[in-house]
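Got your viewer open and a selection box ready? Load the model and follow along stop by stop.

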Amino acid sequence: MSFETFSLAIENYVAQVVFNRPERANALNQKAWQEMKAIFEELDENEDVRVIILRGNGRHFCAGIDLELLMQVAQSAQKCEGRKREKLRRQVLDLQAPINAIEQCSKPVLAVIHGGCIGGGVDIVSACDMRYCTHDAFFTIKEIDMGMVADLGTLQRLPKIIPSGIAREMAYTGRNVSGQEAERIGLANRSFVDADSMLAEVMNIAQVIAAKSPLSIRGTKAIMNHSRDHSVADGLEYMATWNAAMLLSDDLTEAFQAKMQKRDAAFR
């Protein structure tokens with residue numbers, strides 16, 4: 001697969017997806033939104049991929065939606081107000097879809113963040129499984145300073161990652177949250193001195209995940225996402241049904257045999 005606004009590399013079951021518009025601080029134009037959705041839908045189905053790293057190219061992780069695209073969304077030649085609003089709603093849902101594709105991808109997605117993670121960038125990392133950043137990274141819910149309500153997932157997902165009061169403070173003020181503060185409040189799993197040490201450690205984590213049972217990793221992500229959005233009772237019921245379907249697998253047999261033979265498991 002080749003893309004205009006992203007680069008993609010796959011090695012040892014780890015996919016690296018890289019925003020590739022450094023001249024625009026990796027702001028996402030229409031093509032980028034379309035490509036992001038296509039990439040994560042493709043990686044979801046790709047058996048050569050077990051874990052995904054998402055990172056930026058250049059000085060910043062991602063500056064969110066390109067302002068030119070935002071202006072296009074805001075403009076309409078439609079005369080009928082009802083049809084104009086209907087079209088705008090459809091456009092917002094279309095922009096939400098690529099971020100939903102990250103969350104719905106069955107493989108864990110690890111965001112590696114340096115520089116600015118702004119506006120739509122926060123929407124994107126909120127949909128990832130884990131976030132790692134540098135000390136000099138900063139996270140900003142910028143929409144409030146543009147007279148907008150963040151509409152691509154931040155307000156729905158972020159309060160389930162960090163305390164609600166902190167999420168509201170970020171959303172109401174638009175202030176920058178540094179990498180070290182992000183680690184402290186739980187937005188980032190860990191903050192690093194520099195990008196090189198961050199990427200090296202995240203690659204180690206990705207390789208550990210890639211060595212596990214792919215079926216079990218996909219199941220664990222599905223269960224954790226379901227449990228986040230449902231009661232404990234509903235989650236346990238869903239868990240019982242899931243394992244009734246998935247527990248007796250070749251991966252389970254391989255894990256037991258590897259343990260008995262004192263070797264590393266090799267999952268297909």
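Below is a walk from the strands near the start of the numbering to the salt bridges further on.

Before you click: this is a predicted model, where local features need pLDDT of at least 70 and side-chain atom pairs count only at pLDDT 80 or more, while totals for chains, interfaces and linings use all residues. Residues are numbered from 1 along each chain as its sequence is written, and side-chain values use heavy atoms, with hydrogens and water left out.

**Stop 1: strands S1 and S2**

Select Glu11, which is found in strand S1. Helix and strand names here are DSSP runs (helices H or I, at least four residues; strands E, at least two), numbered from the N terminus. Glu11 is exposed, with a relative accessible area of 59%. The cut-offs are under 20% relative accessible area for buried and over 50% for exposed, with partly exposed in between (1.4 Å probe, protein chains only). Draw a distance from Glu11 to Val49: their C-alpha atoms are 8.3 Å apart, with the two positions 38 residues apart along the chain.

Now pick Asn12, in the loop between strand S1 (6-11) and S2. Asn12 is not a glycine, yet its phi is positive, at about 50 degrees. Its relative accessible area is 58%, so Asn12 is exposed.

Carry on to Ala15 in strand S2. Buried or exposed? At 0% relative accessibility, Ala15 counts as buried. For a long ruler line, go from Ala15 to Ile185: the C-alpha atoms are separated by 28 Å, and the residues are 170 apart along the chain.

**Stop 2: the loop between S2 and H1**

Asn26 sits in this loop. Asn26 also has a positive phi, about 60 degrees, although it is not a glycine. Asn26 has a relative accessible area of 1%, so it is buried.

Next, show the side chains of Arg21 and Asp66: they meet in a salt bridge (3.1 Å, N to O). A salt bridge here is a side-chain nitrogen of Lys or Arg within 4 Å of a carboxyl oxygen of Asp or Glu. The pair ties distant parts of the chain together, with Asp66 in the loop between S3 and H2, Arg21 in the loop between strand S2 (14-19) and H1, and 45 residues from one to the other. Asp66 is buried, with a relative accessible area of 2%, and Arg21 is buried too, at 11%.

**Stop 3: helix H2**

Select residues 67-74 for helix H2, then colour Leu69, Leu70 and Val73, which are buried. Why do these three sit on the same side of H2? Because they cover an arc of only 100 degrees around the axis, the arc being that of the directions from the helix axis to the C-beta atoms. Give a second colour to Leu67, Glu68, Gln72 and Ala74, the exposed residues on the face of H2 turned away from its buried side.

**Stop 4: a charged patch**

Switch on the surface and select Glu42, Glu45, Glu47 and Asp48, which gather in a patch of negative charge. Asp48 is found in the loop between helix H1 (30-45) and strand S3 (51-55). For the patch, residues need over 30% relative accessible area and no salt bridge, and like charges are joined within 9 Å.

**Stop 5: further salt bridges**

How many salt bridges does a search of the whole structure find? The search finds 18.

Go to Lys142 and Asp145, a salt bridge whose closest N and O atoms are 3.5 Å apart. Lys142 counts as partly exposed at 36% relative accessibility, and Asp145 is partly exposed as well, with a relative accessible area of 47%.

Then take Arg263 and Glu254, whose side chains meet in a salt bridge (2.7 Å, N to O). Arg263 counts as partly exposed at 33% relative accessibility, whereas Glu254 counts as buried at 14%.

Select Glu103, Arg157, Lys160, Arg228 and Asp229 together: salt bridges that share partners join these residues into one network.

**Last stop: Ile162**

Finish in the loop between helix H5 (154-157) and helix H6 (164-173), the place of Ile162. Ile162 is buried, with a relative accessible area of 4%. One last ruler line goes from Ile162 to Ala188, 26 residues apart along the chain, with 9.6 Å separating their C-alpha atoms.

How values were computed: Patches are made of residues with over 30% relative accessible area and no salt bridge: like charges are joined within 9 Å, nonpolar side chains (Val, Leu, Ile, Met, Phe, Trp, Tyr) within 5 Å. Accessible areas come from the Shrake-Rupley method with a 1.4 Å probe; for residues, only the protein chains shown count as cover. Lys and Arg count as positive and Asp and Glu as negative; His and the chain ends are not counted. The place of a charge is taken as NZ of Lys, CZ of Arg, CG of Asp or CD of Glu.
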